[in-house]
Amino acid sequence: MKTLKNFVVAVSMAGMASLSGPLMGDVDPNLPDYERASGVSGNLSSIGSDTLNNLMTLWAEAFSQFYPNVNVQIQGAGSSTAPPALTEGTATLAPMSRGMRQSEIQEFEARFGYPPTELPVAVDMLAVFVNKDNPIEALSLPQIDAIFSATRRCGYAEGINRWGQLGLTGSWDNRDFALYSRNAVSGTYGFFKDNALCGGDFRASINEQPGSSSVVQGVSESINGIGYSGIGYSTSGVRAVPLAFDDSSEAVEPTPENASSGAYPLSRYLFIYINKHPNRDLDPVTREFIKMVYSKQGQEVVERDGFVTLPAAVSERVLQSLGIN
């Protein structure tokens with residue numbers, strides 16, 4: 001367990017560029033093919049991230065091609081629902097779009113005597129979306145903080161309350177913002193709060209939404225709209241704004257290449273947490289599902305769903321740490 005935890009820290013977003021293989025938009029050809037195992041049956045339950053909901057569903061569908069008799073149930077209400085479900089035993093798989101908080105780990109550890117196992121399964125880019133007809137060219141994180149937060153901890157000199165403060169002219173000059181956000185149970189909400197608001201507080205005027213697709217829909221229906229969600233939720237009605245770390249940095253598009261190089265400011269790992277006793281093997285159905293996720297077929301699903309795939313080196317190290325051949 002300690003080895004895996006150290007590994008996850010080593011491949012955190014801050015150190016992404018130092019991985020032995022690049023994170024890529026295309027599936028790494030060195031990933032192993034998944035092969036069906038014998039004696040696999042039973043049920044799997046997944047409770048957690050809305051961001052990962054579609055990906056978990058697609059993985060379940062791929063898994064059912066190998067094991068038609070395995071039943072996989074999936075609920076995606078938000079990352080904060082994952083830790084208690086794993087601790088209480090109502091979920092086998094706990095997908096999260098943020099890392100578990102220390103308090104959540106401690107609650108699990110108090111019950112089982114060891115921490116949950118954290119598995120990085122894909123890379124996501126959190127996009128800041130505007131309406132497709134909005135001409136804004138780029139935003140910095142301090143500007144985003146000044147738009148969404150009441151605290152401006154990222155250091156912008158003033159609150160930004162209308163589009164004209166960002167250089168837009170004409171009919172845009174006096175337009176206010178329609179702010180769309182995920183709700184507080186969401187890992188996306190927590191990640192954005194920590195990384196785009198520098199840990200500050202959201203404005204009271206934000207429109208909290210129960211899912212990422214609702215955020216994007218709100219922005220698409222409001223000419224003044226601005227909101228954030230995973231890049232995979234992009235539609236023709238919105239546009240992802242290039243982002244810069246600060247006002248003196250170059251803004252970059254949310255592309256797989258920029259995620260892998262660390263150039264895009266809001267890149268993050270997506271996780272699945274599982275309950276693995278440090279001295280016992282995983283049960284066959286959980287073992288094979290995890291093995292498939294880290295296979296070529298599993299990462300093809302990641303690519304198809306609009307996320308960034310993992311290199312073979314990451315797959316190999318995670319599976320080795322779990323004792324999976």
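This passage describes the salt bridges and the second largest pocket of a predicted model.

A search of the whole structure identified eight salt bridges. Among them is the pair formed by Asp124 and Arg268, whose closest N and O atoms are 2.9 Å apart. Asp124 belongs to strand 4 (residues 117-131) and Arg268 to strand 11 (residues 267-274), so that this pair ties together parts that are 144 residues apart in sequence. Both partners are buried, Asp124 having a relative accessible area of 0% and Arg268 one of 1%.

Another salt bridge links Lys132 with Asp133, with a separation of 3.3 Å between the closest N and O atoms. Here Lys132 is partly exposed, at a relative accessible area of 46%, and Asp133 is likewise partly exposed, at 48%. Through salt bridges with shared partners, Arg98, Arg101 and Glu104 are joined into one network. Within this network, Arg101 pairs with Glu104, the closest N and O atoms lying 3.6 Å apart; Arg101 is partly exposed, with a relative accessible area of 39%, whereas Glu104 is buried, with a relative accessibility of 11%.

The second largest pocket encloses about 200 Å³ of space. Its lining comprises 13 residues, of which Thr92, Asn275, Lys276, Asp283 and Thr286 are the closest to the pocket centre. Classified by residue type, the lining of this pocket consists of four nonpolar, five polar and four charged residues.

Terms used
Residues are numbered from 1 along each chain as its sequence is written. This is a predicted model: local features need pLDDT of at least 70, side-chain atom pairs count only at pLDDT 80 or more; totals for chains, interfaces and linings use all residues. Side-chain values use heavy atoms; hydrogens and water are left out. On a 1 Å grid over the protein atoms alone, a cavity is a set of points where a 1.4 Å probe fits but cannot get out, and a pocket is an open set with protein on both sides within 12 Å along at least five of seven lines; lining residues have an atom within 4 Å of a point. Grid points are joined across faces, edges and corners, and a volume is the space filled by probe spheres set on the points. Ala, Val, Leu, Ile, Met, Phe, Trp, Tyr, Cys and Pro count as nonpolar, Asp, Glu, Lys and Arg as charged, and the others, Gly among them, as polar. A salt bridge is a side-chain nitrogen of Lys or Arg within 4 Å of a carboxyl oxygen of Asp or Glu. Buried means under 20% relative accessible area, exposed over 50%, partly exposed in between (1.4 Å probe, protein chains only). Helices (H or I, at least four residues) and strands (E, at least two) are DSSP runs, numbered from the N terminus.
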